[in-house]
Amino acid sequence: MTDSADLAPIREAMRALCADFPGDYWRALDRERAYPEQFVAALTKAGFLAALIPEEYGGSGLNMSAAAAIMEEIHACGCNGAACHAQMYTMGTLLRHGSAEQKARYLPAIARGELRLQAFGVTEPSSGTDTLSLRTTAVRDGDAYVVNGQKIWTSRAEHSDLMLLLARTSPRPPPSPAPQAGEGRVGGSRTAGLTVFLVDMRKVKGLSIRPIRTMMNHATTEVFFENMRVPADHVIGREGEGFRYILSGMNAERILIAAECIGDAKWFVAKAAAYANERVVFGRPIGQNQGVQFPIARAYIDMRAAELMVAEAAALYEAGKDCGAEANMAKHLAAEASWAAADMCVQTHGGFGFAEEFDVERKFRETRLYTVAPISTNLILSYIAEHVLGLPRSY
Ligand SMILES: Cc1cc2nc3c(=O)[nH]c(=O)nc-3n(C[C@H](O)[C@H](O)[C@H](O)COP(=O)(O)OP(=O)(O)OC[C@H]3O[C@@H](n4cnc5c(N)ncnc54)[C@H](O)[C@@H]3O)c2cc1C
């Protein structure tokens, strides 16, 4: 992010907080695939996770650049915001589309950290990226909806009180004629029939959670719904329009995750530069060799370029302008930059890049996620091809 003076105190405060959570804290958790309870509690207590909640609901009412600076610093300090980043942006769907009563009931408690809204149930095993083909159904029955189906990759479900759930409330509309070049992806009846629910996981019956062990410590899960009754007043916005509501929250998610990637890239570059200065082979620091210093310089340049796009996307978001293309490009460039920096950092460390105690291999595994989730590279390229360049929709 372009650093404005008013972001400096936030960055400083984040660095001070993260100093209490050094590499050995994360290593121990990583070994056990355990949740960073203390780290998340510290962030919550300090109010950082309520950064984007407006002041009228008890949050800090900060802007997107400030929220991005928070996430970036977490990652630049070697920590991992994936355990709690959704607490920051998932509430956006409730904020923008929830009723006055829902907002008053939930947002202040979320801002105080008494309620955790960390779980986001969209992806399903059979639908994957094709969200419109999801199969989880919610059928109205009196004053409730009865939900049946399954989600996958519902991260942090075991560490959340609430879940934002996307389910089908009416059958999928029949396919329309083949799309033409430049035709919008959203809109029309194609997206109708999906509804967003705010599920209080502490209160419902018929919900079960199965953790998925992954290559990094991510607290992700599969969630099963068997005749789960969700009160009808837990629908967000209007029935059948949920896809649009979910999409409206995605720019914030993309920008914040891009900021995490920038933080990761900064960590990898700093770690590699320090090691290249200190490691002596053939009687001189390895960083004296151009073959070692050039990849570090390249990773730095790529990170800085991506950082500009993150700043532009955040600025557009703050101005209330359409930032779909910029948010996607920021996420793409930042994820590519962090992954390239991770690879460079392992290479710079030679064998020690693989040793747990250097944290490089842990961060390498953690940052790998972001070219796949929350949206994979190909889908971003398809978005730009279709929506920016006017090429025919390819799927
Ligand atoms: C650790 C982790 C945490 C996650 N957390 C959450 C969460 O909290 N909530 C949630 O809802 N989801 C979550 N996800 C899901 C994530 O958003 C998806 O994994 C991601 O969007 C990719 O979808 P998929 O895995 O189903 O891949 P698929 O859709 O099966 O695609 C597989 C590959 O094919 C490519 N592909 C598919 N279709 C096309 C096409 N038309 N053109 C070109 N390429 C194509 C994709 O780009 C991808 O590379 C998480 C995933 C992971 C791994």
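How much space lies in the second largest cavity? In this predicted model, the second largest cavity holds about 70 Å³ of space. Its lining is made up of Tyr89, Thr90, Thr93, Phe120, Ile246, Gly249, Met250 and Glu253. Sorted by class, the lining of the second largest cavity has four nonpolar residues, three polar ones and one charged one.

This cavity belongs to a set of three in the structure, counting those of 30 Å³ or more. The largest cavity encloses about 110 Å³ of space. Thirteen residues line the largest cavity, and Trp26, Pro36, Asn80, Ala83 and Asn217 are the closest to its centre. Helix 2 gives the largest share of this lining, with three residues. Of the residues around the largest cavity, eight are nonpolar, three are polar and two are charged. As a general point, empty space of this kind is revealed by rolling a probe the size of a water molecule over the atoms.

Open space can be described in a similar way. The largest pocket has a volume of about 990 Å³. A total of 41 residues line the largest pocket, and those nearest its centre are Thr123, Val372, Ala373, Pro374 and Ile375. Several elements contribute at least two residues each to the lining of the largest pocket: helix 5 (85–89), strand 1 (117–121), helix 8 (242–248), helix 9 (250–278), helix 12 (360–368) and helix 13 (377–388). Helix 9 provides the largest share, which comes to four residues. By class, the lining of the largest pocket includes 23 nonpolar, twelve polar and six charged residues.

Two of the residues nearest the centre of the largest pocket, Ala373 and Pro374, also stand out in the backbone. A cis peptide bond joins Ala373 to Pro374, with omega at about 5°. Pro374 is located in the loop between helix 12 and helix 13. For context, most peptide bonds are trans, and most residues other than glycine have a negative phi.

Positive phi values are found at Phe282 and Asp359, neither of which is a glycine. At Phe282, phi is near 55°. Phe282 sits in the loop between strand 9 (280–281) and strand 10 (284–285), and with a relative accessibility of 83% Phe282 counts as exposed. At Asp359, phi is about 70°. Asp359 belongs to the loop between helix 11 (324–349) and helix 12; its relative accessible area is 7%, so Asp359 is buried.

Aromatic side chains come next, with nine aromatic pairs in the structure. In general, such a pair is described by the distance of the ring centres and the angle of the planes. Phe21 and Phe39 form an edge-to-face pair, because their ring planes stand at 80°, with the centres 5.3 Å apart. This pair links distant parts of the chain: Phe21 is in the loop between helix 1 (8–18) and helix 2 (23–32), while Phe39 is in helix 3 (residues 37–45), 18 residues apart. Phe21 and Phe39 are both buried. Together with Tyr25 and Trp26, Phe21 and Phe39 make up one aromatic cluster. Trp26 thus appears twice in this picture, because Trp26 is also among the residues closest to the centre of the largest cavity. Tyr145 and Phe197 form another edge-to-face pair, with 5.1 Å from centre to centre and 70° between the planes. Tyr145 lies in strand 3 (residues 144–152) and Phe197 in strand 5 (residues 194–200), so this pair ties together parts that are 52 residues apart in sequence. Tyr145 and Phe197 are both buried.

Strand 3 also holds Val147, which counts as buried at 0% relative accessibility. The C-alpha atoms of Val147 and Arg168 are separated by 9.1 Å, and these residues are 21 apart along the chain.

Charged side chains meet aromatic rings as well. Lys363 lies over the face of Trp267, at 5.5 Å from the ring centre. The charged end of Arg368 sits over the ring of Trp339, 4.9 Å from its centre.

Finally, the search of the whole structure for disulfides finds zero. Cys84 is in no disulfide, and the nearest cysteine sulfur, that of Cys18, is 9.7 Å away. Cys84 counts as buried, at 0% relative accessibility. Cys323 is likewise in no disulfide, and the nearest cysteine sulfur to it, that of Cys261, is 17 Å away. With a relative accessible area of 1%, Cys323 is buried.

Definitions and conventions. Residues are numbered from 1 along each chain as its sequence is written. Side-chain values use heavy atoms; hydrogens and water are left out. A disulfide is a pair of cysteine sulfur atoms within 2.5 Å. Buried means under 20% relative accessible area, exposed over 50%, partly exposed in between (1.4 Å probe, protein chains only). Rings of Phe, Tyr and Trp (its six-membered ring) pair if their centres lie within 6.5 Å; planes under 30 degrees apart count as stacked, over 60 as edge-to-face and the rest as tilted. A charge sits over a ring if NZ of Lys or CZ of Arg is within 6 Å of the ring centre and within 35 degrees of the ring normal. On a 1 Å grid over the protein atoms alone, a cavity is a set of points where a 1.4 Å probe fits but cannot get out, and a pocket is an open set with protein on both sides within 12 Å along at least five of seven lines; lining residues have an atom within 4 Å of a point. Grid points are joined across faces, edges and corners, and a volume is the space filled by probe spheres set on the points. Ala, Val, Leu, Ile, Met, Phe, Trp, Tyr, Cys and Pro count as nonpolar, Asp, Glu, Lys and Arg as charged, and the others, Gly among them, as polar.
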